[in-house]
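Here is the note on this structure that you asked for, set out as numbered points. Please read it with the structure open beside you.

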Amino acid sequence: TPMAEHGAVVVIGLGRFGASLARELTSLGVDVVGIDRSEAVVEALRDELPFITCADATQDAALAELGVAEASRVVVAIGSDLAASILTTSRIMRSGHRRIWAKAITEAHAEILAQLGVKQIVNPEDDMGRRLAHLIRGHMSDFLRIDSDYAIVRTQPPVRVLGQPLSALGLRGTHGVTVIAVKHPGAGWANTDGGTVLEADDEIIIAGAPDAVERFSALDK
Ligand code: ADP
């Protein structure tokens, strides 16, 4: 019988990226079935990930044994071996599975995956590099780009917005940002409302156009 049961996620390639993805999914309570062609990789992860196997994912038989057809999602996390990534992905696409996520390590790799019909392509190094650029240049402790025209950022409130309720500040009009959550020192995160008053040492989450959230985060700097 195939390893993956309905609802499971198959992770193909358990390198640094695939392994950390598989661990996080497992900790979220998702059933993860993993495969890697390296015996050493599989042995090292055996205790943490109960359903892993050592096989070459470019083989149809290995994919069938994994239960790719039964899985709710499949992640091809093979990066540096371009041929293996493409072969595996094309086999899975050919089997009719459409919920595939695939990792690309170059622009050309991403292009080929897109041509194969993969809708969800991730380039972790590229994404991380871009994200880090915003953190390094700006004054934000976290930056999430939703689209080219929208971002969500974790930062500290500029001094000029302290002590007044958000409804009186009108930040959407003046700065193009929405303060969506606040964390007072020692407390948990809470959604804001019009009556929320920001204080020194708070952390906030703001949303808006990337240049607007960056400018707002840098107001005191
Ligand atoms: P990372 O940068 O996340 O470590 P890599 O691309 O270097 O990613 O590693 C991918 C993993 O995929 C490696 O552990 C490698 O053994 C595995 N892998 C590569 N080709 C295959 C294949 N055909 N079948 C199964 N696993 C594979």
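The points below deal with the domains, the two sheets, the ligand shell and a few single residues of what is a predicted model.

1. The overall division comes first. The chain is split into domain 1, residues 9–122, and domain 2, residues 127–217; between the C-alpha centres of domain 1 and domain 2 there is a distance of 36 Å. The domain bounds come from an automatic or database assignment, and I would read them with that in mind.

2. One sheet is open and has six strands in the order β3-β2-β1-β4-β5-β6, with parallel pairing. Its edges are formed by β3 (52–54) and β6 (120–122), each of which pairs on one side only, and neighbouring strands of this sheet are turned against each other by 15° on average, direction ignored. 

3. Within this six-stranded sheet, β4 (residues 73–76) and β5 (residues 100–103) run parallel and are joined by three bridges, and V76 has A102 in β5 as its bridge partner. Helix α4 (residues 82–94) packs on the sheet, where it touches β1, β4 and β5, and its direction makes about 170° with that of β5.

4. Is V9 buried or exposed? This residue belongs to strand β1, which covers residues 9–12, and V9 counts as buried because it has 22 C-beta neighbours inside 10 Å, where 20 or more are needed for that class. Leaving aside neighbours within four places in sequence, V9 is in contact with L25, V30, V32, A71, S72, R73 and V75. The C-alpha atoms of V9 and A22 are 8.7 Å apart, although 13 residues separate the two along the chain.

5. The ligand is surrounded by 19 residues, of which G13, G15, F17, A57 and G79 are the closest. Helix α1 (16–27) and strand β2 (32–36) each contribute at least two residues to this shell, and α1 gives the largest share, three residues. Sorted by class, the shell around the ligand holds seven nonpolar, seven polar and five charged residues.

6. A second open sheet has five strands in the order β7-β8-β11-β9-β10, and here the pairing is antiparallel. Strands β7 (142–147) and β10 (189–191) stand at its edges with a single partner strand each, so one side of each is left without a neighbour in the sheet. On average, neighbouring strands of this sheet are turned by 20° against each other, direction ignored.

7. The strand pairs of the five-stranded sheet can be followed through their bridges. Strand β7 runs antiparallel to β8 (residues 150–155) and is joined to it by five bridges, with F143 having V153 in β8 as its bridge partner. Six bridges connect the antiparallel strands β9 and β11, and T178 stands opposite A207 in β11. Strands β9 and β10 also pair in the antiparallel sense, over three bridges, and the bridge partner of V182 in β10 is A190.

8. Which residue takes a positive phi in the hairpin of β9 and β10? With five residues between the strands of this hairpin, the residue is G186, and its phi is near 80°. A further case is D201, which has a positive phi of about 75° although it is not a glycine. As a point of background, most residues other than glycine have a negative phi, and I would therefore look at this backbone position with some care. D201 sits in the loop between β10 and β11, and it counts as exposed because it has 12 C-beta neighbours inside 10 Å, a class that takes in residues with 12 or fewer.

9. The last helix to consider is α9 (residues 210–217), which lies across β7, β8, β9 (177–183) and β11 (203–208) and runs at about 20° to β8. Which residues of α9 are buried? They are A212, V213, E214, F216 and S217, and the buried residues of this helix pack against α6 (124–137), β8, α8 (171–175), β9 and β11. The list of buried residues in α9 thus includes E214 and S217, and the partners of the buried set include the helices α6 and α8 as well as strands of the sheet.

Methods: Residues are numbered from 1 along each chain as its sequence is written. This is a predicted model: local features need pLDDT of at least 70, side-chain atom pairs count only at pLDDT 80 or more; totals for chains, interfaces and linings use all residues. Two strands pair if DSSP finds at least two bridges between them. Helices (H or I, at least four residues) and strands (E, at least two) are DSSP runs, numbered from the N terminus. Axes are lines fitted to C-alpha atoms, for helices over the stretch in contact, and angles run from 0 to 180 degrees between N-to-C directions. Two residues are in contact if their C-beta atoms, placed from the backbone, lie within 7 Å. A residue is near a molecule or strand if its C-beta atom, placed from the backbone, lies within 6 Å of it. Ala, Val, Leu, Ile, Met, Phe, Trp, Tyr, Cys and Pro count as nonpolar, Asp, Glu, Lys and Arg as charged, and the others, Gly among them, as polar.
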